[in-house]
Amino acid sequence: MLKETKVYSYICDKCKKESSDEEDNVGWNDKEYAWECAEEMGWAEIDHSHYCSNCWEHDDDDNQVVRRDAE
Ligand SMILES: [Zn+2]
C-alpha cells in the first residue's frame, strides 16, 4: 500500500539553500529531527529565522549573527 507522508526541511533565510539538499535527502518527517540534522550541519536559528552554516558567524562578543554580505 501507499502512504503519503509530509516531510520537513529548513530553508536558509539568507541564501535559500535547503537543509535537505546538503544531506542529499528530500526532507525529514519529524520537524525536530529535521532541525537536529540542520544543527549538526552547522545551521543556526537567529531571531526565529534559520541560517545555513555559510550565512551566520560569531561576532566579537560570541553572539550568533547573520553574516553580512561582502561588498
Ligand atoms: Zn545560507
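# Close-up views

**View 1. Glu-32 sits in helix α2.** What you're looking at here, and in every view that follows, is a predicted model. Is Glu-32 buried or exposed? It counts as exposed, because it has 9 C-beta neighbours inside 10 Å, and the cut-off for exposed is 12 or fewer. Tyr-8 is a handy second landmark: it lies 24 residues away from Glu-32 along the chain, yet the two C-alpha atoms are separated by 9.2 Å.

**View 2. Helix α2, with its buried side and the face turned away from it.** Three residues of α2 are buried, namely Ala-34, Cys-37 and Ala-38. They share one side of the helix, because the arc they cover around the axis is only 100 degrees. The general rule behind this kind of pattern is that an α-helix has 3.6 residues a turn, so residues three or four places apart point the same way. What lies over the buried residues of α2? Part of the cover comes from α1. Flip to the face turned away from the buried side and you meet Glu-32 again, along with Tyr-33, Glu-36 and Glu-40, which are exposed. Just past the end of α2 comes Gly-42, with a positive phi of about 95 degrees.

**View 3. The largest nonpolar core, made of eleven residues.** Which residues build it? The members are Tyr-10, Cys-12, Trp-28, Ala-34, Cys-37, Ala-38, Trp-43, Tyr-51, Cys-52, Cys-55 and Trp-56. Helix α2, spanning residues 31-40, supplies the largest share of this core, with three residues. For some context on the protein as a whole, 17% of its 71 residues count as buried.

**View 4. Cys-12, a core residue in the segment before α1.** Helix α1 itself covers residues 19-22. Why does Cys-12 count as buried? Because 20 other C-beta atoms lie within 10 Å of its own, and 20 or more is what it takes to be called buried. Leaving out residues up to four places away in sequence, Cys-12 touches Lys-17, His-50, Tyr-51, Cys-52 and Cys-55. Have a look at Trp-43 too: it is 31 residues from Cys-12 in sequence, while the C-alpha to C-alpha distance is 8.4 Å. Cys-52 gives the view from the other end of one of those contacts, since Cys-12 is on its own list as well, together with Cys-15, Lys-17 and Trp-43, again not counting neighbours within four places in sequence.

**View 5. Trp-28, in the loop between α1 and α2.** How many C-beta neighbours does Trp-28 have inside 10 Å? There are 21, so this loop residue counts as buried. Its contacts beyond four places in sequence are Val-7, Tyr-8, Tyr-33, Ala-34 and Cys-37. Two of these, Ala-34 and Cys-37, are buried residues of α2, and Tyr-33 belongs to the exposed set on the face of α2 turned away from its buried side. Lys-17 is a different story: it is eleven residues from Trp-28 along the chain, and their C-alpha atoms are separated by 16 Å.

**View 6. Two aspartates with positive phi, Asp-24 and Asp-62.** As a rule, most residues other than glycine have a negative phi. Asp-24 has a positive value, near 60 degrees, and for Asp-62 phi is about 70 degrees, also positive. Where do they sit? Asp-24 is in the loop between α1 and α2, while Asp-62 is in the loop between β3 (56-58) and β4 (64-66). Asp-24 is exposed, because its C-beta has 6 others within 10 Å. Asp-62 is exposed as well, with 6 other C-beta atoms within 10 Å.

**View 7. Stepping back to the whole chain, with two helices and four strands.** In sequence order the pattern reads α-α-β-β-β-β. The C-alpha atoms fill a box of roughly 55 × 25 × 20 Å along the principal axes. The radius of gyration is 14 Å, whereas a compact globule of 71 residues would come in near 11 Å. Of the contacts between residues at least 6 apart in sequence, 32% join residues at least 24 apart. As for confidence, pLDDT averages 94, and 97% of the residues score at least 70. Among the elements, strand β2 (residues 49-51) has the highest mean pLDDT at 98, and α1 the lowest at 91.

Note on methods:
Residues are numbered from 1 along each chain as its sequence is written. This is a predicted model: local features need pLDDT of at least 70, side-chain atom pairs count only at pLDDT 80 or more; totals for chains, interfaces and linings use all residues. A nonpolar core is a set of buried Ala, Val, Leu, Ile, Met, Phe, Trp, Tyr and Cys residues joined through C-beta atoms within 7 Å. Two residues are in contact if their C-beta atoms, placed from the backbone, lie within 7 Å. The radius of gyration is taken over C-alpha atoms; the globule rule is 2.2 Å times the number of residues to the power 0.38. The arc is that of the directions from the helix axis to the C-beta atoms. pLDDT is the predictor's confidence in each residue, from 0 to 100.
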